[in-house]
Amino acid sequence: MSTTLVQIQVEEKRFRAHQVIDRLALDIRAGEIVSLVGPSGCGKSTLLRIVAGLETDYAGRVLIKGAKPQLHSPEVGFIFQEPRLLPWLSVADNVGFEAGRGGGKHPRVGELLAEVGLAAFTDAWPKQLSGGMAQRAAIARGLFTQPALLLLDEPFSAVDAFTRMRLQDLLLSIAAHHGTTLLLVTHDVDEAVYLSDRVVVMNSGPGRIAGDVVVPLPRPRDRRDPALGRARSEVLTLLNGAQQDYH
């Protein structure tokens, strides 16, 4: 049994008078892939920012490897919905940004770009990349510090369905190779079920955990596997309850 990597206990998170999260507790094991799904506004992305150390004004405690999250910690990588590559830096320098000036020359940059299929684009500018290629570069950048935990906020929502499937498989391959723990926010139930060991459903008013669905399938997975369909139905049932709470 793997050890617990992340311990989340958020008693309350507010934005002024509006309470976003209430009494939310979640533990994530090392090497686990967990997706957060739920109605818009239920606090999924806020929770991700708390874990990343980007939000510190809340009641509760979050521990990663037994320590509080720190901004720019090498233990935590963050991949956003948009690639957010710096247009004045080459692809390599974007990936190696955390190493400072000339970070693109770090040996790990070349290894990561090869791993995401961008070895030929080391010296390219971000504007020369397609949307899917830019997100692959963002994945490489997120892994540069060799984080124990990679946070992803709807990372594939801006690409077409075929590219999305390819990026999902790439992410799984890279996570397995590096032994990286993933915490993912998505609105796509099929994506959550396909990627995850566990899908955590949040409800709204304010955000709490409505339940979770374990997906005990080995990888690689077949997207047509009936077991994925059954897990999807369980998630949708929980989401339906969460939507009713929302209204």
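**Two pockets and two sheets**

Let me start with the second largest pocket, which holds about 200 Å³ of space. Before I go further, please keep in mind that what we are looking at is a predicted model.

Which residues line the second largest pocket? The lining is made of Ala 161, Arg 164, Met 165, Gln 168, Asp 188, Asp 190, Glu 191, Val 193, Tyr 194, Arg 223, Leu 228 and Arg 232. Sorted by class, that lining has 6 charged residues, 5 nonpolar residues and 1 polar residue. As for the elements behind it, at least two lining residues come from each of helix 5, which covers 161-178, helix 6, which covers 189-195, and helix 7, which covers 226-246.

The largest pocket, for its part, has a volume of about 570 Å³. Its lining consists of 19 residues, and those that lie nearest the centre of the pocket are His 72, Val 76, Phe 78, Phe 80 and Glu 98. Two elements give two or more residues to this lining, namely strand 5, at 76-79, and helix 4, at 131-143. Strand 5 is the element that gives the most, with 3 residues. By class, the lining of the largest pocket divides into 9 nonpolar, 7 polar and 3 charged residues.

Let me now step back to the chain as a whole, where the secondary structure comes to 7 helices and 9 strands. The C-alpha atoms fill a box of roughly 50 × 45 × 35 Å when this is taken along the principal axes. The radius of gyration is 18 Å, which agrees with the value near 18 Å that a compact globule of 247 residues would have.

Next come the sheets, and I will take the one that contains strand 5 before the other. Here 6 strands form an open sheet with mixed pairing, and their order is 5-6-7-3-8-9. Why is one side of strand 5 and one side of strand 9 left without a neighbour in the sheet? Strand 5 and strand 9, the latter at 208-214, stand at the edges and have a single partner strand each, so one side of each stays without a neighbour there. Neighbouring strands of this sheet are turned by 20° against each other on average, if direction is ignored.

Within this sheet, strand 8, which covers residues 198-203, runs antiparallel to strand 9, and 6 bridges join the two. Arg 198 stands opposite Val 214 of strand 9. Helix 4, which we met at the largest pocket, lies across strand 5 and strand 6, the latter at 149-153, and runs at about 165° to strand 5.

The other sheet is an open one of 3 strands, in the order 2-1-4, and its pairing is antiparallel. Its edge strands, which pair on one side only, are strand 2, at 18-29, and strand 4, at 59-64. On average, neighbouring strands of this sheet are turned by 15° against each other, again with direction ignored. Helix 1, residues 44-52, packs on this sheet and touches strand 1, strand 2 and strand 4, while its direction makes about 120° with that of strand 1.

Strand 1, residues 4-15, pairs with strand 2 in the antiparallel sense over 10 bridges. Going along that pairing, we find Glu 12 opposite Asp 22 in strand 2, and Lys 13 opposite Ile 21 in strand 2. The hairpin of these two strands has 2 residues between them, and Arg 16 has its place in that loop between strand 1 and strand 2. Although Arg 16 is not a glycine, its phi is positive, at about 60°.

I will finish with two details in loops. The peptide bond that joins Arg 219 and Pro 220 is cis, with omega at about 5°, and Pro 220 lies in the loop between strand 9 and helix 7.

Where, then, is Ala 119 found? Ala 119 sits in the loop between helix 3, at 107-115, and helix 4. Leaving aside residues up to four places away in sequence, Ala 119 touches Leu 113 and Ala 114. The C-alpha atoms of Ala 119 and Val 109, which are 10 residues apart along the chain, are separated by 9.4 Å.

Definitions and conventions: Residues numbered from 1 in each chain as written. Predicted model: local features only at pLDDT ≥ 70, side-chain atom pairs only at ≥ 80, totals over all residues. Heavy atoms only, no water. Pairing = 2+ DSSP bridges. Helix = DSSP H or I, 4+ residues; strand = E, 2+ residues; numbered from the N terminus. Axes fitted to C-alpha atoms, helices over the stretch in contact; angles between N-to-C directions. Contact = heavy atoms within 4.5 Å. 1 Å grid on protein atoms, 1.4 Å probe; cavity = no way out; pocket = protein on both sides within 12 Å on 5 of 7 lines; lining within 4 Å. Points joined across faces, edges and corners; volume = space filled by probe spheres on them. Nonpolar A, V, L, I, M, F, W, Y, C, P; charged D, E, K, R; others polar. Rg over C-alpha atoms; globule rule 2.2 N^0.38 Å.
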